[in-house]
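Here is a short set of exercises to work through with the model open beside you. Try each task first, then compare your steps with the solution.

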Amino acid sequence: YRQIYTQMWSYIYVWIYDTCTSLCIGTYESIPGDDNLYDMAFSQDAFVHAFSKVGTYKEALRVVKPGGCLIFCDLMCGVSNDPQELVTFAQTNMVKDWLSPEKNADAVKAAGWVDVEYIDLTADIKLSFQLMHKKVRSIIEAGNPTGIDMKLLTAYDTNLENRVGQVDRGVFKWGCIVGKK
């Protein structure tokens, strides 16, 4: 999956920057424009905050051309042994409709997408958090030569350390869901 993910991102970046002819900004459930307008709907770490997942995925379906695709990478509800930790995480991160990867995939299918697949990249997000934590820690230990507000830097350091623990406890998953129209 990691190889597929890396190749997918390489393709997406090249395609967007070399051939994309239009870009629009709207809300999850109200994208400006006609039906069947875009080749792809893409979201990175944003759909987790949508108030209605099915409504969001239906709107993406509306604006994507037949044969087009949906690709999104996001945090999704995990399977923690502490249900209260799941609730607290959702509240702290302003997540109203906190779905597992399986329930997200079901919502994508319910919206009308086909060939829906979830690609679990949770191990990659853990590694990313660990590397960011290491970098922040090295800045702090070097006496903060960057001049970043130390209160913010310390809070970020603590947050990253907590995120690694949350991954280990199964509070959330992170990955991509893909589907075709």
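**Exercise 1. Find what share of the chain is buried, and lay out its elements.**

Step 1. Buried residues make up 41% of the 181 residues in the chain, where buried means under 20% relative accessible area, exposed over 50%, and partly exposed in between (1.4 Å probe, protein chains only).

Step 2. Before going further, note that this is a predicted model, in which local features need pLDDT of at least 70 and side-chain atom pairs count only at pLDDT 80 or more, while totals for chains, interfaces and linings use all residues. Residues are numbered from 1 along each chain as its sequence is written, and side-chain values use heavy atoms, with hydrogens and water left out.

Step 3. Now count the elements: there are six helices and four strands. Helices (H or I, at least four residues) and strands (E, at least two) are DSSP runs, numbered from the N terminus.

Step 4. Along the sequence, these elements follow the pattern α-β-α-β-α-α-β-α-α-β.

Step 5. Look at how far contacts reach, a contact being heavy atoms within 4.5 Å. Of the contacts between residues at least 6 apart in sequence, 79% join residues at least 24 apart.

**Exercise 2. Work out the order of the strands in the sheet.**

Step 1. The four strands form an open sheet in the order β1-β2-β4-β3, with mixed pairing; two strands pair if DSSP finds at least two bridges between them.

Step 2. β1 and β3 (114-120) are the edge strands, each pairing on one side only.

Step 3. From one strand to the next, the twist averages 10 degrees. Axes here are lines fitted to C-alpha atoms, for helices over the stretch in contact, and angles run from 0 to 180 degrees between N-to-C directions.

Step 4. Take the β1 side: β1 and β2 run parallel and are joined by six bridges, with F42 opposite I71 in β2.

Step 5. On the β3 side, five bridges join β3 to β4 (residues 172-180), and these two run antiparallel. There, D120 stands opposite G175 in β4.

**Exercise 3. Place C73 and S43: buried or exposed?**

Step 1. C73 sits in strand β2 (residues 64-77), a strand with 10 of its 14 residues buried.

Step 2. C73 counts as buried because its relative accessibility is 0%.

Step 3. S43, in strand β1, is buried too, with a relative accessible area of 6%. Setting aside residues up to four places away in sequence, S43 touches I71, F72 and C73.

Step 4. C73 also has I177 across from a long stretch of sequence: they are 104 residues apart along the chain, with their C-alpha atoms separated by 6.5 Å.

**Exercise 4. Describe helix α2 and the setting of K53.**

Step 1. Among the buried residues of α2 are K53, T56, Y57 and E59. The cover over the buried residues of α2 includes β1 (38-44), β2 and α4 (101-110).

Step 2. K53 belongs to α2 (residues 53-63). K53 is buried yet has no salt bridge, and the nearest side chain of opposite charge, D97, is 4.5 Å away. Lys and Arg count as positive and Asp and Glu as negative; His and the chain ends are not counted.

Step 3. A polar atom of the K53 side chain lies 3.2 Å from the backbone oxygen of V48. The cut-off for a polar contact is a pair of N or O atoms within 3.5 Å; within protein, one must be able to donate a hydrogen and the other to accept it, and residues adjacent in sequence count only if both atoms are side-chain atoms.

**Exercise 5. Which residues share a salt-bridge network with R62?**

Step 1. The structure holds eight salt bridges, each a side-chain nitrogen of Lys or Arg within 4 Å of a carboxyl oxygen of Asp or Glu.

Step 2. One of them joins R62 and D35 (2.8 Å, N to O). R62 lies in helix α2 and D35 in the loop between α1 (2-19) and β1, so the pair ties together parts that are 27 residues apart in sequence.

Step 3. E59 and R62 also meet in a salt bridge (2.8 Å, N to O). Being three residues apart in helix α2, E59 and R62 are separated by about one helical turn.

Step 4. Salt bridges that share partners therefore join D35, E59 and R62 into one network.
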